[in-house]
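Open the model in your viewer and switch to a cartoon view. This tour moves from one selection to the next.

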Amino acid sequence: MVESADHFSFDHPQNQGYGEQKRLAYLLQSDPNYHRLKIRFLEGWKHPGKQIPHIHAIFKIMLSEASFKPFHEYRAHVVNAPFQNNPANEQFLFHGTTRSCFLVEDKYKVRLCDLQRCSLCRIIDQSFDIAKCGTNHNFNRFGWGIYTSACSSSESFVKIVPQTSTTSPEADDYIKNTDKAGTLRVVLVNRVIVGKPYEQCRNATNLVQPPSGYHSLTGTPGTNLNYEETVVYSNDAIRPAFLIVYGDAPPKSQSKTQALLSRMFNTSLVG
Ligand SMILES: [Zn+2]
């Protein structure tokens, strides 16, 4: 245990019981983080045409202290950004990705899978890798970076698409349980070192780093973009922090009395 360890490190004294094999902590609804993240998620749901979803669960993600070392070093490098209380302008921002397994289908399914194509498990296991980002998208609006947003309903967040495989037990399980698993979606909430962002209106697909003197790029709504996006160009500028599981609201269960009356009169009750 390391007293000065990051709060999201499983070497921190508050995170006893977590480690390489146990990365996710289920948050109770009474947890202050749950409340804060729920508000952030709902306020970030900007698309009027998309129905506001139900939050099924929120998990805290823990990484090794070794994984946080380059993140802390990067943050120390960025402290000259002009923000007094938050000198590196660290922000919680959303990032959607693909999931090819059953992770977080319920609060007990917290073991990461081994599938290379399961981007969600690979990010929780090893954090972000720019070399792999964008492989799910045909078009990178602001170049080769890691895309995040304060908007939780961003179109760039990809629907879970399990791929069939005869060698993967997870994929086989998924096929058997498609009805049950069909509506759940996941989004990562990340700690992003935004620093001094360069505001970009138009597409700039050839970028591999922010303009000189800036630490990130913020795509502002306008000609090419409907909702704001923040792009960082270093793996060390971002770490996953929370996972929100959302989807349609679960069906309301009948009360025992309703069920009994329904059976007695062989009819269904409304209300
Ligand atoms: Zn997985």
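Select S127. This residue follows helix α3. Its phi is positive, near 65 degrees. Keep in mind that the model is predicted.

Now step back to α3 itself, residues 119-126. Of its 8 residues, 6 are buried, so the helix is largely enclosed by the rest of the structure. Color the buried ones: S119, L120, C121, R122, I123 and I124. What covers them? The cover includes β2, β5 and β9.

Those strands lead to the sheet. Select β1, β2, β9, β5 and β3, in that order. They form an open sheet of 5 strands with antiparallel pairing. Which strands stand at the edges? They are β1 (24-26) and β3 (90-95). Each has a single partner strand, so one side of each is left without a neighbour in the sheet. Look along the sheet for its twist: neighbouring strands are turned by 30 degrees against each other on average, direction ignored.

Zoom in on β2 (residues 54-61) and β9 (residues 238-247). They pair in the antiparallel sense over 6 bridges. Pick H54 and find G247 of β9 opposite.

Next, select helix α1, residues 32-43. This helix packs on the sheet and touches β2, β3, β5 (185-193) and β9. The direction of α1 makes about 125 degrees with that of β2.

Finally, zoom out to the whole chain. There are 6 helices and 9 strands. Of the 271 residues, 33% count as buried. Among contacts with a separation of 6 or more, 67% join residues 24 or more positions apart.

How values were computed. Residues are numbered from 1 along each chain as its sequence is written. This is a predicted model: local features need pLDDT of at least 70, side-chain atom pairs count only at pLDDT 80 or more; totals for chains, interfaces and linings use all residues. Helices (H or I, at least four residues) and strands (E, at least two) are DSSP runs, numbered from the N terminus. A residue is buried if 20 or more other C-beta atoms lie within 10 Å of its own, exposed if 12 or fewer, and partly exposed in between; C-beta atoms are placed from the backbone. Two residues are in contact if their C-beta atoms, placed from the backbone, lie within 7 Å. Two strands pair if DSSP finds at least two bridges between them. Axes are lines fitted to C-alpha atoms, for helices over the stretch in contact, and angles run from 0 to 180 degrees between N-to-C directions.
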